[in-house]
Each structure stands twice: as structure tokens, then as C-alpha cells.
Amino acid sequence: MAKRYQNREWKNSMRLRLDYNNMMSEFVGKNEGFTTKEINQVKGKALEALDKIKQSRGKGWLGWTELPYNQAEIVADINATAKKIRKTAKNFVVLGIGGSALGPIAVFQALCHLHYNDLPSRVRKGPKFYVEDNVDPERMKALLDVINVEETVFNVITKSGSTSETMTQYLIIYDLLKQKLGDKAKEHIIATTSANAGNLIKLAKTEDFKTFYIPDGVGGRFSELCPVGLLPAAVLGIDIGEMLAGAQYMDKICMNGTFVKNPALINAALQYIAINKGKNVSVMMPYADGLKFVADWYCQLWAESLGKEVDLNGNRVNAGQTPVKSLGVTDQHSQVQLYTEGPFDKVITFLAVDKYREEVVISNGCEDIPDVHFLCGHTMNELISAERSATEYALTVKERLNHTIYLPEINAFTIGELLYYFEMQTAFEGEMLGVDTYNQPGVENGKNATYALLGRKGYEKKAEELNSAPAKKAEFIC
Ligand code: PA5
């Protein structure tokens, strides 16, 4: 049967739109707003970034650019595996962290029922879903209080195959599984990792785990559209073909050499100007609970890719823009006061949805209280959209830079588009800033310090370095 994402008209109706009016001086005022002249001044640099990405796509760390195109066989394997898991497992648990967890969390929240785990199993039609992305002992115990490991499939995800947090979870869970199931324990683990590096692949081979591979040129935070994200999504019953089709559709848009027709490139240019003007904070504010964790996923992508001490020539630049997550309308009652009246150091990105998947009419009542009654007969859909427009207006009149990305609706196609859009925007931004978008020396340093503190062999020098750090003074602790 033909899929809807094979229909050009449907795809075009699902195209994301970037509205950057409120980045411009005509709307946000001369003090803060940008002029067409300013944008034209960075246009050349942006187009160079596009050329660079075009030339290097698929190579080195740009393996992620090809994920929408080169996974037909893998997708078939993932779908077959997911089908089996959906029939047999009561729970599916992802063990991973950072780029090996944030994508699955974002997609789960976006594309599944918002109380998915609480639905009866006949409605869910698949296992309950958990992503364990921390090593808080209380959380591990809490998980074990609500699942039986014998009824659970664990997807251990780690690109490096050596991240302490993930390997810790693996050790605990596999031990439990072996105690309960003996030789059958291996049937409850799926390893998603590098084919040729790290410890998880060695373990997978020795223990004979089902394995999916994270391609070499795909870094953690760019990995949602490979088996890292596709297997959990398929287990949740999400059409991963549609997600990849959305990414492919967006890829074509992002390769458009006409600057004004390429939203990821334009926005990279706008953020570049903003960063150079000291706008050090990037607020991601979706007006949909479904997109709440897309904001988390974005925060990692933007922070870890651009936050760099040195540029590609080794010059100290301390680049980056601090991403902040915010949820509309919830955070209107928490953060928006600051965004409207605090320092002029932010750019706000709204994520708006044209058509929510549900419509809820506000019930009639409170006839004697006009200040409440005015809500009656409207829908919650109208209310949330009005609040977004109102917040946009309130920020704009206060000369606060903001722009909006519209999703026609939230579905697998538009989520594929959105994730790929942000990946491409980040790649363009990294090129424009002249930093290595794909490394994370700051994270590695912390990882190494943890190894040293826990006595891992080979990290003795690091341990010495840590031990020789000045001792904390009691006078500064109260
Ligand atoms: O983007 C990255 O590379 C990191 O955030 C990693 O995803 C994170 O550190 C987890 O690494 P790994 O997948 O190797 O366990």
C-alpha cells in the first residue's frame, strides 16, 4: 500500500516554515533588530558553509547527512526486530546517555500518547517504554520496582562502547537477567554500538547479543536517525520510514543554494549575527507538550556542537550560545518575565503547531463571572495558540529577538524534518563559527576524570592531577 509520505502533495503540506520577521529591525526595532544589509554581509559566509557541507557530506563526521538515504536494509531489520519485541516484551528499556538517549526520549514524547505507559496494553499494543539516562541509584531501584527484567528487553546504546554510566547500567541489568534467566539472559539485551570500537561490541560478540551498529561517521548527538533512535521508535509502533522521509525532504530544502529559500542556512546566519552581537542565550520554547523533549535534544546538539574553547586553527575563541529549554505555555508563568524585561542577551525560538492532534472545547460554566466565562465555547487549541501569539507580541514590542518554526502538525514526517533541520542548522553554524562541530573535548575531560576517581587502569596520571588540586577550604562552606 502506498504510504502518505510517497505523495508529493501531502509532503508539501507538511513542510516546516521558518518565520523570522521578529529578528528584523522593522518589527523588533532598530536597537536590536537586524537589517537586510547586515544579513547580506554574512550571506557569503553562510553560502561558503553550505558549500563546505555539500562537499564533505557523507564523509568524516558528516555520515549523518546520508542517514535518510542509506538504511533500507537496516530499517527492514529494525522493523522485523521491533515487531517481535512488540509481541513478546512487556517493557522496553533504553540504557544510554547524552546522544544515545535524548533522541529516543524526544521522539517518544512527540509521537506517542502523552500518557503512553499508563494506557492499557490492548490500547498501547506494544511494551511500556523507559529511557534510563542517569546513574542515580534511586532511579535504578525505582525502575526495578516497576518492571520484571524477565519481561523486558533492554537496548544498551553507546557509540563509544565505554561510557561509564551506560556500562554501569548494563552490568547491573545483565547480572540480574543472568540470575533470573541463566543462558536466556542474552535474549533480553540488544546492543546498539560501533561495529569496531569499544567494549560493548566485544561483549556483544562474546555474549551473542542481537546488535545494531552506529555508523562510524555518526556522532552521538547526530545519531537519532540511525538505529540509536530508529529501533526504540519502531518498538513504539512509529513509522520510521516516514521519519526518514521527513528528514530526506528537509535535506533537499537545506541543500538549496538560494539563500532566502534555505531556512536552516538563513537561521544559521541570523544566529551568527546574534552571537556576534552578544546574544549568548538560545531559548527553545515549544508550544506543545509533545515537543517538550525536542527542546532537551536541541540543547545538547547546540551546546555540545558549538561550545568550544578553540577554533579550527587552534585560536582561543570560547565559542557557543547557551541553550535553554522552556515550555509554552507553562514557562510563561516562570521564565517569560525574564525574557521580556531581563538582559538583551537572548534569541527565542518558538515551535508552533498549526493543527494539534486533538481538539478540546472549553466547557460552559461560570455564567456569573465574566472574567472566567469569556473562555467558554473556545477550544484549548485556540487558547494555546492565542497565548503563543500573545507572548510573541509581548516579546516583540519589548524589542526581544524571536522567531518561530511552524509544524503543520506533529507526526513522524514533521519530526524527521525538524530533527534534520536542527542538525543541518547546527552544522552550518559550526562552519560559520569555524569550530569543530563534532568533537566534545570538554565532555571527554569529565569522563576521564571519573575514570581516574574510580581507579580505572591507564588513568593514573589523571588521578594524580586530581589529587594535586588544591584542597577545598572549610571557610568557604557554610
Ligand atoms: O554527542 C556525543 O557524542 C555525546 O553526548 C555522547 O552521545 C554521550 O557522551 C554518550 O556517549 P556514548 O554513546 O559513546 O555512550
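Which element gives the largest share of the lining of the second largest pocket? In this predicted model, that element is H18, with 6 residues. The pocket in question holds about 570 Å³ of space, and 29 residues line its walls. Nearest its centre lie Thr163, Glu304, Gln440, Glu444 and Lys447. H18 (441-453) has company here: strand E4 (152-158), helix H8 (164-181) and H13 also supply at least two residues each. Sorted by class, the lining comes out as 15 polar, 7 nonpolar and 7 charged residues.

The largest pocket comes in at about 970 Å³. Its lining counts 30 residues, and the ones closest to the centre are Leu114, Gly290, Tyr356, Arg357 and Glu358. Helix H16 (residues 380-397) gives the most to this lining, with 5 residues. The class breakdown here reads 15 nonpolar, 7 polar and 8 charged.

Then there is the enclosed space. The structure holds 3 cavities of 30 Å³ or more. The largest of them takes up about 70 Å³. Part of its lining comes from a stretch of chain that includes Pro343, Phe344, Asp345 and Lys346, along with Tyr339 and Ile348. Glu399, Arg400 and Leu401 line it too, and Glu32 and Lys279 complete the list. Charged residues number 6 in this lining and nonpolar ones 5, with no polar residues.

The second largest cavity has a volume of about 50 Å³. Residues on its walls include Asn267, Gln271, Ser282, Met284, Tyr298 and Trp302, and Val347, Thr349, His403, Phe422 and Gln425 also belong to the lining. Two or more of the lining residues come from each of helix H12 (263-276), strand E7 (281-286), helix H13 (292-306), strand E9 (346-353) and helix H17 (412-433). By class, this lining has 6 polar and 5 nonpolar residues, but no charged ones.

Moving on to the helices, H3 (residues 36-56) invites a quick check of its length. With 21 residues at 1.5 Å a residue, the helix should span 30 Å, and because its end C-alpha atoms are 30 Å apart, the expectation and the model agree. There is a bend in H3 all the same, of about 40° at Lys43. Which residues of H3 are buried? They are Ile39, Val42, Ala46, Ala49, Leu50, Ile53 and Ser56. These buried residues pack against helix H11 (240-254), H12 and H17. Both H12 and H17 turned up above, among the elements lining the second largest cavity. After H3 comes Gly58, with a positive phi near 85°.

One loop residue rounds things off. Val317 sits in the loop between H13 and strand E8 (322-325). Is Val317 buried, partly exposed or exposed? Its relative accessibility is 36%, so Val317 counts as partly exposed, since that class runs between the buried limit of 20% and the exposed limit of 50%. Leaving aside residues up to four places away in sequence, Val317 touches Lys308, Glu309, Val310 and Asp311, plus Val435. As for Gly307, 10 residues from Val317 along the chain, the C-alpha atoms of the two are separated by 9.6 Å.

Notes: Residues are numbered from 1 along each chain as its sequence is written. This is a predicted model: local features need pLDDT of at least 70, side-chain atom pairs count only at pLDDT 80 or more; totals for chains, interfaces and linings use all residues. Side-chain values use heavy atoms; hydrogens and water are left out. On a 1 Å grid over the protein atoms alone, a cavity is a set of points where a 1.4 Å probe fits but cannot get out, and a pocket is an open set with protein on both sides within 12 Å along at least five of seven lines; lining residues have an atom within 4 Å of a point. Grid points are joined across faces, edges and corners, and a volume is the space filled by probe spheres set on the points. Ala, Val, Leu, Ile, Met, Phe, Trp, Tyr, Cys and Pro count as nonpolar, Asp, Glu, Lys and Arg as charged, and the others, Gly among them, as polar. Helices (H or I, at least four residues) and strands (E, at least two) are DSSP runs, numbered from the N terminus. The expected span of a helix is 1.5 Å times one less than its number of residues. The bend at a residue is the angle between axes fitted to the seven residues ending there and the seven starting there. Buried means under 20% relative accessible area, exposed over 50%, partly exposed in between (1.4 Å probe, protein chains only). Contact means heavy atoms within 4.5 Å.
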